[in-house]
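Subject: Structure for your files

Hello,

Here is the structure I said I would pass on. My notes on the ligand site and on two backbone positions follow below.

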Amino acid sequence: MNQSAAHKWLGGKRLSNPRLSDLEPLFEKRLAANFTLLDQLFQELYPGRENDFSSLLERLASLFRARPRELQLQDLQRLGAGNWYQEGKWVGMQLYVDRFSASLSGLEARLPYLEDLGINFLHLMPLTRRPKGPNDGGYAVNSYTEIDPRYGKTEDFLQLTERFREKGICLMLDFVVNHTSDEFSWAEKARQGDPKYQAYYYTYPDRTIPDLFEAHLPEIFPETAPGNFSYIPEMDRWVMTVFNTYQWDLNYSNPEVFLEMLGNLAALANQGVDVVRFDALAFLWKKIGTSSQNLPEAHKLIALFRLCLQVVAPGVIILAEAIVAPLEIVKYFGEGRLEGNECELAYNATLMACLWDAIATKKTSLLYKSLLSLPPKPPEGSWINYIRCHDDIGLGFDDNHIRQLGWDPGAHRRFLLDYYCQRLGWSPAKGAIFMFNPLTGDGRITGSAASLLGLEKALETGQADALDTAVRKIVLMHGIILASEGIPLIYAGDELAALNDYSYLKDADKADDSRWINRPYHDWKAVASLKKGKGPGAQVFGQIRSLIGLRRQLPVLGAAGKTHLHLTGNDHLLLFERRSETDGVMVIANFDAEVQVVNASWLARLGYLAEGGYHNLTDHSRGKVQSGLLEVPPYALMWLQLH
Ligand code: OTU
């Protein structure tokens, strides 16, 4: 930390916007506070590029000036309030605006629905311009800031973010930081032969370097985009395309790319975005001879973005979209000197994958093993807890854990794919397989929560007990994320038990991507009949809504409670406690089709039973304990409060 060093780099220049005169000293203060690490990381990533570092400092000054005053003030409030994202009040939903409400103004009209459900944190899927043909649901970007006309105008978006601020709704948007579309202006110029922009991507005149990379790179979309490079005839060069062929990987070894992308990030923040989801951030740095995922340089680069935001928009936080091995995920909160300087939020992909494992096996053994071996996250970091998102469900377990349970990792993964992807006649699940790779046997799972949990099949057969079981499983899964530490995030439609959407098969631009099966259009007819409805949709909605309400009433389920995982010896159950000094909730979930039992005297000793009876907050049921055992019905979710 060194004020005068920062001053020197700025050439002694002072900021001149008079409207911000009262905020002005903040820039230098913040820069000075972050200068040492910023300087170190920049020199390590870009040795000998002093001129680019001066450009970075100048850019930071202008980005600071460009931040709207209202947001500057919000930054100050948030800095004063501490870790605002760790307050217990947040309950999130993820949605595609076109599929939920047709447009941005339509979304404004639907806010009462979300408020009634208890949602105050929204992840809106990509909104900016994208190619007309296949565009990976907007993850191929033609612009980082211009709203795609299909959603409305930029003014509609700005108006919406203002409404969100009035109502206290937190807005999360994507920053597709790893790649642009092949129609992005830089890609266009590269294609026309401009060497400056060819150097914004990884482009090569022949296969020599691509082949060296390929020797160690896995394939992300092996069915539809095999390999990691695409030949572009117009420029007669190969370009790195790790995801789809129309998504060109940005070359962050070029400091100009970092500078430009920082501008795009700040512009996003300045539109009123509170949480920036760094898409595919594990892939940001490439190195021959490695898988080019989770490299130390990627962490440094993310920290560099974070430190720059710390100077220009410190109220804005970053979510790590790192759907990677359990031990790698937690590193995105920042380790060592990067602790507290990387991402504030990360997806709890380990919990997510293990919950699906528990449903299929009816056992919680792998869930416990994975959770117990997770390194603790730093106190500044928080999880986003979810049961599924717009993507596939990957089987992100540690093979060693599977082995330690006496199972064979290959066979276990095959079983899960078979169970969820309709290869076992007896399985209630109705999902689809995504990106099966015959070489490795790897594949991922797609499907809406309700269809994966048996509702679609139950409706087809009309069996009442199967219907009831599916509803219980949907509530069970949501009840766990709603009682977990961090921000729960529900996928829009799952609260209504939405089934798979097969309409994508008729759309040539989507038909080869089975993730569209789990991105249904919101069923407003079902919403309109909720009051009268007694069907599974209405049951699920009613119960999820009431669990959200309970979460709000019980501060211990929010920020106040620490988490204690309890091993009971019964491998069909998950038991965890949220505990503060004065309050506690014991969460009990039964993943089995039979009644399972918990030792009642142990529960009583901890304070979760009174006068020999229990009170389950989730359905207000009360009951007596018999023969010293608490009975947990099939697929039941219990929240017991400390007496
Ligand atoms: C992300 O996911 C997005 O969530 C996807 O919707 C995009 O298609 C993709 O990036 C490209 O922008 O491969 O199947 O962590 O799992 O980053 C999903 C690795 C994906 C990947 C993840 C990626």
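A residue is taken to be near a molecule if one of its heavy atoms lies within 4 Å of it. The model is a predicted one.

On that basis, 18 residues surround the ligand. Asp136, Asp279, Glu321, Asp391 and Asp392 are the closest of them. By residue type, the shell divides into eight charged, seven nonpolar and three polar residues.

Three side chains are worth listing for their polar atoms:

- Asp391: an N or O atom of the side chain is 2.4 Å from an oxygen atom of the ligand.
- Arg277: a polar side-chain atom lies 3.0 Å from an oxygen atom of the ligand.
- Arg515: a polar side-chain atom lies 3.0 Å from an oxygen atom of the ligand.

The ligand taken alone exposes 490 Å², and the protein buries 95% of that.

Next, the backbone. Ala102 is not a glycine, yet its phi is positive, at about 70°. Ala102 sits in the loop between helix H5 (97–101) and helix H6 (104–109). Ala102 counts as exposed because its relative accessibility is 51%, and the cut-off for exposed is over 50%.

Ala497 also has a positive phi, near 60°, in a residue other than glycine. Its place is the loop between strand E15 (487–491) and helix H22 (524–528). Is Ala497 buried or exposed? With a relative accessibility of 6%, Ala497 counts as buried, since buried means under 20%.

Regards

How values were computed. Residues are numbered from 1 along each chain as its sequence is written. This is a predicted model: local features need pLDDT of at least 70, side-chain atom pairs count only at pLDDT 80 or more; totals for chains, interfaces and linings use all residues. Side-chain values use heavy atoms; hydrogens and water are left out. A polar contact is a pair of N or O atoms within 3.5 Å; within protein, one must be able to donate a hydrogen and the other to accept it, and residues adjacent in sequence count only if both atoms are side-chain atoms. Accessible areas come from the Shrake-Rupley method with a 1.4 Å probe; for residues, only the protein chains shown count as cover. Ala, Val, Leu, Ile, Met, Phe, Trp, Tyr, Cys and Pro count as nonpolar, Asp, Glu, Lys and Arg as charged, and the others, Gly among them, as polar. Helices (H or I, at least four residues) and strands (E, at least two) are DSSP runs, numbered from the N terminus. Buried means under 20% relative accessible area, exposed over 50%, partly exposed in between (1.4 Å probe, protein chains only).
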